[in-house]
Amino acid sequence: MIVIPDVGSDVPTPPLRLWRRRVGWVIIYGSHAPLIALTKVDGRVPFSSSSCVVLIELAKLLTSLALLVTRDWPSPGVSVSCRHVVPYALPALLYALNNNLVVLMQSHMDPSTFQVLGNLKIASTALLYSSCLGKRLRLRQWLALGLLMGAGVCHSYSTLELEKEETTREAHLHVSAWGLLLVLTYCLISGLAAVYTELILKAQHLPLSLQNLFLYIFGVSVNGVAHLSGASGDRGFLEGYSPAVWVIVVGQAANGLLMSVVMKHGSSITRLFVISCSMLVNAAFSWAVLGLQLTPVFLLVALMIGFAAHLYYGI
């Protein structure tokens, strides 16, 4: 078992003011999908998704460098060596592996099944958080995480029902044995990447901007190689970029940086709650901007997430 000293209190009760600050993070995270929908031309995304990921990682890298130079450097008593830098290669590789697994899984299941089963990453993250970080969760906290996972499943299923009504055709959920193995691997890697990132961020007594710099150097490198190896056709690196796409780049870069704050000063579990709340923001944005029809399930999901937060944090 890996135990990190001073990871945080055994009873995670963040102050209410921290939750108010996290509302902004939830809005940024939840607006991603509606913004992508706004960029579509004739139903298709006109830009390279891999180039967009590279630009997001580059924006996070440059912002971290700027924060380090202007605010956190020099830091008295801080010495850096290769042993501080190398651990950040693993999260970059894990996230890159998961990005490829998402593509591979499409051949073994339909997107809606992936959306439903993907909620298992809540369970995998919680189990790894408890075992690897030596955190004992109370029964009510486990119940809260189960409720959070149930909310994700309900939201995914309601989305499937809306798609069936809009396309006026029967949508069939299907998954092969290989697909089930792949989605379980995906959820395990997702939880491992989150918990490991929290581990190294808290174990090293370094400025967060410097830690982010290490992390995003590997992020730019891994995703840059993935873009070059997967480039197809004559599409240019910035082809199809509109103002909305640049808003996506800036927003997702801010989201990544804010999530590192969550991991450094909060926990992987807090990250799960932020992501779950972003589902509600996503639906609200889609209703306001894209005309998505909201159903009573939306209210049910909101109540489930709210009650789960109350159970876990006691707020």
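How are helices α7 and α9 oriented to each other? The legends below address this point and further views of the predicted model.

**Figure 1. Packing of helix α7 against helix α9 in the predicted model.** Helix α7 spans residues 120-132 and helix α9 spans residues 177-203. Their axes come within 8 Å and cross at roughly 40°. The two helices are therefore oblique to each other, and their crossing is right-handed. On the α7 side, the contact is made by Leu120, Lys121, Ser124, Thr125, Leu128, Tyr129 and Cys132. Helix α9 contributes Leu184, Tyr186, Cys187, Leu188, Ser190, Gly191, Leu192, Val195 and Glu198. By class, the residues of this contact comprise ten nonpolar, four polar and two charged.

**Figure 2. Packing of helix α3 against helix α11.** Helix α3 covers residues 49-72, and helix α11 covers residues 243-265. The axes lie 9 Å apart, at an angle of about 55°. The pair α3 and α11 is therefore oblique, with a right-handed crossing. From α3, the residues in contact are Cys52, Leu55, Ile56, Ala59, Lys60, Thr63 and Ser64. They meet Trp246, Ile248, Val249, Gln252, Ala253, Gly256 and Leu257 of α11. Nine nonpolar, four polar and one charged residues form the contact of α3 with α11.

**Figure 3. Surroundings of His84 in helix α4.** Helix α4 consists of residues 82-85 and includes His84. The relative accessibility of His84 is 10%, so this residue counts as buried, the cut-off being under 20%. Leaving aside residues up to four places away in sequence, His84 touches Ser79, Gln204, Leu206 and Phe214.

**Figure 4. Two spans annotated as transmembrane region in the UniProt record.** The unreviewed UniProt entry assigns this annotation to residues 142-158, 178-201, 213-232, 244-262, 269-290 and 296-313. In the model, residues 142-158 are 100% helix and 0% strand, and the end C-alpha atoms of this span lie 24 Å apart. Residues 244-262 are likewise 100% helix and 0% strand. The end C-alpha atoms of residues 244-262 are 26 Å apart.

**Figure 5. Overall context of the close-up views in the protein chain.** The chain contains 13 helices and zero strands. Of its 315 residues, 45% are buried. Among contacts between residues at least 6 apart in sequence, 89% join residues at least 24 apart.

Note on methods
Residues numbered from 1 in each chain as written. Predicted model: local features only at pLDDT ≥ 70, side-chain atom pairs only at ≥ 80, totals over all residues. Heavy atoms only, no water. Axes fitted to C-alpha atoms, helices over the stretch in contact; angles between N-to-C directions. Helix = DSSP H or I, 4+ residues; strand = E, 2+ residues; numbered from the N terminus. Parallel < 35°, antiparallel > 145°, perpendicular 65-115°, else oblique. Left-handed = near helix turned anticlockwise from the far one by under 90°. Contact = heavy atoms within 4.5 Å. Nonpolar A, V, L, I, M, F, W, Y, C, P; charged D, E, K, R; others polar. UniProt positions renumbered as here; feature names shortened; annotations may be inferred. Buried < 20%, exposed > 50% of the residue type's maximum accessible area, 1.4 Å probe, protein only.
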